[in-house]
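This briefing concerns the nonpolar packing of a structure and one of its helices. Please read it alongside the sequence and the coordinates shown below.

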Amino acid sequence: VMNDIISTMFNRKFMEELFKPQDLYSKKALRTVYDRLAHASIMRLNQASMDKLYDLMTMAFKYQVLLCPRPRDVLLVTFNHLDAIKDFISDSPGILNQVDETFRRLIETYNPLSDGEFQLIRQTLLIFFQDMHIRVSIFLKDKVQNSNGRFVLPISGPVPWGTEVPGLIRIFNHKGVEVKRAEFSTAGNYVTPQREGSFELYGDRVLKLGTNMYSVTRPVETHMSGSSKNLASQAKENIAPNPLAKEELNFLARLLGGLDIQKPAGDSGFRLNLFTTDEEEEHAAQTRPEELSYKVINIEATQEPARRAELSRILGELDVAEPRPGSAGKGEDLLALMDGL
């Protein structure tokens with residue numbers, strides 16, 4: 001299962017599209033991509049478990065971006081993610097090579113960026129997640145999240161690399177010569193970091209954000225906070241017709257159109273349940289606000305000859321060893337095309 005998901009996630013054509021300069025995805029588009037990747041193997045999740053998995057993913061990523069000591073460390077978090085992924089597929093040289101190729105592209109693309117550009121990236125990501133305040137028990141138990149779903153910023157620990165421990169004020173004259181110093185006390189216990197994390201293909205990242213949160217076994221649950229319930233009204237924009245939705249899904253069709261996902265014949269898949277029991281999962285599905293659940297949107301493209309030609313071109317690029325049943329009608333619906341992969 002891990003091999004199937006990771007090989008799909010790091011598919012060469014998929015990565016090429018992701019690395020093209022583009023606007024940030026909408027929440028709907030991100031969820032669509034996430035659903036496709038989560039179901040790239042024989043594993044299946046129903047709506048409630050899928051919602052819960054997505055909540056865990058989004059809040060964990062928001063936590064990692066929010067607590068980065070400096071904007072450039074967003075890249076170290078990503079490298080921690082990739083290091084963990086490489087451990088999953090260490091016995092699969094072909095897939096490992098796919099991940100390493102993406103690793104090199106990340107280094108080549110992002111290492112040269114300035115601190116100001118990383119600050120823009122970090123702020124853009126935080127704006128995307130700013131209205132999500134879903135409580136996660138692992139964060140609540142570690143006291144890094146308040147009961148209202150908002151994260152707690154630490155006032156102690158290592159300061160960002162390249163900065164000094166607060167407590168000293170230097171005063172300079174107009175010639176740039178230091179003329180006076182003043183000290184002040186701080187509420188936190190700050191320390192200077194020992195070294196900077198490695199931005200290379202291999203090395204010690206130092207930063208622990210992005211590593212396995214579940215290194216200590218404990219139950220994890222997500223709960224709807226009061227702030228999250230306010231998201232229901234805001235989520236109506238995802239239900240109301242969005243003039244950009246069609247183009248977003250068309251773009252996703254092009255993204256996922258190049259993925260060649262091999263699925264075994266027959267119903268040999270298994271279902272993943274993120275709840276303790278099936279009854280708990282069914283209850284979560286019934287009690288979750290409808291506005292916060294994502295549903296498939298059908299977009300008809302039959303009246304657009306240019307679009308049909310584009311879909312035909314995408315289908316022609318697929319390397320399929322043998323014909324699949326029902327392939328003739330895949331161009332009728334963009335989401336059916338992605339489902340057919």
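Buried means under 20% relative accessible area, exposed over 50%, and partly exposed in between, with a 1.4 Å probe and protein chains only. The model is predicted, so local features need pLDDT of at least 70 and side-chain atom pairs count only at pLDDT 80 or more, while totals for chains, interfaces and linings use all residues. Residues are numbered from 1 along each chain as its sequence is written, and side-chain values use heavy atoms, with hydrogens and water left out.

**Nonpolar cores**

- The largest nonpolar core (buried Ala, Val, Leu, Ile, Met, Phe, Trp, Tyr and Cys residues joined through side-chain atoms within 4.5 Å) has 46 residues, and those with the most contacts inside it include Ile6, Phe10 and Tyr63.
- Helices are DSSP runs (H or I, at least four residues) numbered from the N terminus, and among those supplying at least two residues each to this core are α2 (12-18), α5 (73-88) and α7 (115-129).
- The helix that gives the most to this core is α5, with seven residues.
- A second, separate core of seven residues includes Ile5, Tyr34, Leu45 and Met50.

**Helix α7**

- The buried residues of α7 are Phe118, Arg122, Leu125, Leu126, Phe128 and Phe129.
- Seen down the axis of α7, these buried residues fall within an arc of 155° and therefore line one face of the helix, the arc being that of the directions from the helix axis to the C-beta atoms.
- On the other side of α7, Leu120 and Ile127 are exposed.
- The buried residues of α7 pack against α3, α4, α5 and α6, where contact means heavy atoms within 4.5 Å.
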